[in-house]
Amino acid sequence: MIALTKTLVKTVAEPEQLDSIDSYDSKRADFLQEVIEGLEDGILILSQTGEVVHANASAHRFCCQFNQGNFNQNFVPPAIWNLCESLLSNRYLFSDKLIILSDEVVLDKSNVFRVRVRLLDLDGFELPCLLVTIENQYESLKNLAITEVKKFDLTPREAEIWFLYRSNYSYKEIATKLYITINTVKKHMKNIYTKRQACLVVE
C-alpha cells in the first residue's frame, strides 16, 4: 500500500520551532492515516492514468470482491474505472462546478456497493487525482437497522424481520428465510410500523 502524504507549505520559522512544527505535522499525518484506514467505506485515490496512489484497507477488500478474489495494486476494477473515465471525459462540460459521478455495483443481494468519483486537487501533484469512495450499502443498511431496532424497541423476531426488510427482502423472501408464513411476516411488520409511528410522533 502506498501512503499518501500532503506537502505542507511552511513559513520560515526559528530553528527551535522547526522541531515542534515537524513533530506536529507528523502526528497530524499519522492521525489522518489512522482515520482513513479505520473507515468502513473504501477510499481509493487514483491518478488520471488509473494508477493507484492510495487504497485503504476497505477499498482493498472491496476491489478484491469486484475482481473475484485478486486485487493487483495497480489494477482498478472495470466497474470503478469506467466511472472514472466518464468523469474525466465530461469534466470540461462543467469545469466551474464540482462533479461527483455515482453508480451502483451489485455483486449479489448482500453485496451492493455505491461508488462515487470526483476530482481531487492535491498539493504536490501536477494533475488532479481521482477520489473514489466505495460504500457497502448492505452494511450501511444493517447498521441503520440495528439503530432502528433499539430506537423502536423491537422484539428479537421483529428485529430479524426488520433487518431483512431493510435489506430489500420481499415479504415472501422473509417468510421463506425465517420458515414462517407470509401472514406472520405481515403481522410483525404491522407491529413494527405501529412502534415506528409511535416513536416518530414522540420526536
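**Close-up views of a predicted chain**

Going along the sequence, the protein chain runs α-β-β-α-α-β-β-β-α-α-α-α. That gives seven helices and five strands in what is a predicted model. Of the 203 residues in the protein chain, 35% are buried. Among contacts with a separation of 6 or more, 46% are between residues 24 or more positions apart.

**View 1. Phenylalanine 62 and its surroundings.** Here we're in helix α2, which covers residues 57–66 and holds phenylalanine 62. Is phenylalanine 62 buried or exposed? Its relative accessible area is just 3%, and anything under 20% counts as buried, so phenylalanine 62 is buried. Leaving out residues up to four places away in sequence, phenylalanine 62 touches Glu40, Asp41 and Gly42, and also Phe113, Ile134 and Asn136. Take the pair with asparagine 136: the two residues sit 74 residues apart in sequence, yet their C-alpha atoms are 8.4 Å apart in space.

**View 2. The contact of α4 with α5.** Now for two helices that follow one another in the chain, α4 (137–152) and α5. α4 and α5 pack with their axes 9 Å apart, at an angle of about 145°, and their crossing is right-handed. Which residues of α4 meet α5? On the α4 side they are Tyr138, Leu141, Lys142, Leu144, Ala145, Glu148, Val149 and Phe152. Across from them, α5 puts in Ala159, Trp162, Phe163 and Arg166. Sorted by type, the residues of this contact of α4 with α5 come out as nine nonpolar, no polar and three charged.

**View 3. Aspartate 153, in the loop ahead of α5.** Between α4 and α5 there's a loop, and aspartate 153 is found in it. Aspartate 153 has a phi near 55°, which is positive even though the residue is something other than glycine. For context, most residues other than glycine have a negative phi. Aspartate 153 has a relative accessible area of 61%; the cut-off for exposed is over 50%, so aspartate 153 is exposed.

**View 4. Glutamate 158, a charged residue tucked away in α5.** Glutamate 158 is found in helix α5 and counts as charged. With a relative accessible area of 4%, glutamate 158 is buried. What does a polar atom of its side chain lie 2.9 Å from? The partner is the backbone nitrogen of threonine 155. Setting aside residues up to four places away in sequence, glutamate 158 also touches His188, Asn191, Ile192 and Lys195. Glutamate 158 has company in being buried: Ala159, Ile161, Trp162 and Leu164 in α5 are buried too.

**View 5. Serine 167, in the loop after α5.** Serine 167 sits in the loop between α5 (156–166) and α6 (171–178). Loop or not, serine 167 has a relative accessibility of 4%, so it counts as buried. A polar atom of the serine 167 side chain lies 2.9 Å from the backbone oxygen of phenylalanine 163. Not counting neighbours within four places in sequence, serine 167 is in contact with Lys109, Tyr138 and Leu141. Two of those names, Tyr138 and Leu141, also turn up on the α4 side of the contact in View 2. Asparagine 168, which follows α5, has a positive phi near 70°.

**View 6. The contact of α5 with α6.** α5 and α6 pack at an angle of about 130°, their axes 10 Å apart. That angle makes α5 oblique to α6. The crossing of α5 and α6 is right-handed. From α5, Arg157, Glu160, Ile161, Leu164 and Tyr165 take part, meeting Tyr171, Ile174, Lys177 and Leu178 in α6. How many of the residues in this contact of α5 with α6 are nonpolar, polar and charged? There are six nonpolar, no polar and three charged.

**View 7. Tyrosine 179, in the loop after α6.** Tyrosine 179 lies in the loop between α6 and α7 (182–202). Its phi is positive, about 55°, although tyrosine 179 is not a glycine. Is tyrosine 179 buried or exposed? The relative accessible area of tyrosine 179 is 77%, so tyrosine 179 is exposed.

Key. Residues numbered from 1 in each chain as written. Predicted model: local features only at pLDDT ≥ 70, side-chain atom pairs only at ≥ 80, totals over all residues. Heavy atoms only, no water. Helix = DSSP H or I, 4+ residues; strand = E, 2+ residues; numbered from the N terminus. Buried < 20%, exposed > 50% of the residue type's maximum accessible area, 1.4 Å probe, protein only. Contact = heavy atoms within 4.5 Å. Polar contact = N/O pair within 3.5 Å; in protein donor to acceptor, adjacent residues only side chain to side chain. Axes fitted to C-alpha atoms, helices over the stretch in contact; angles between N-to-C directions. Parallel < 35°, antiparallel > 145°, perpendicular 65-115°, else oblique. Left-handed = near helix turned anticlockwise from the far one by under 90°.
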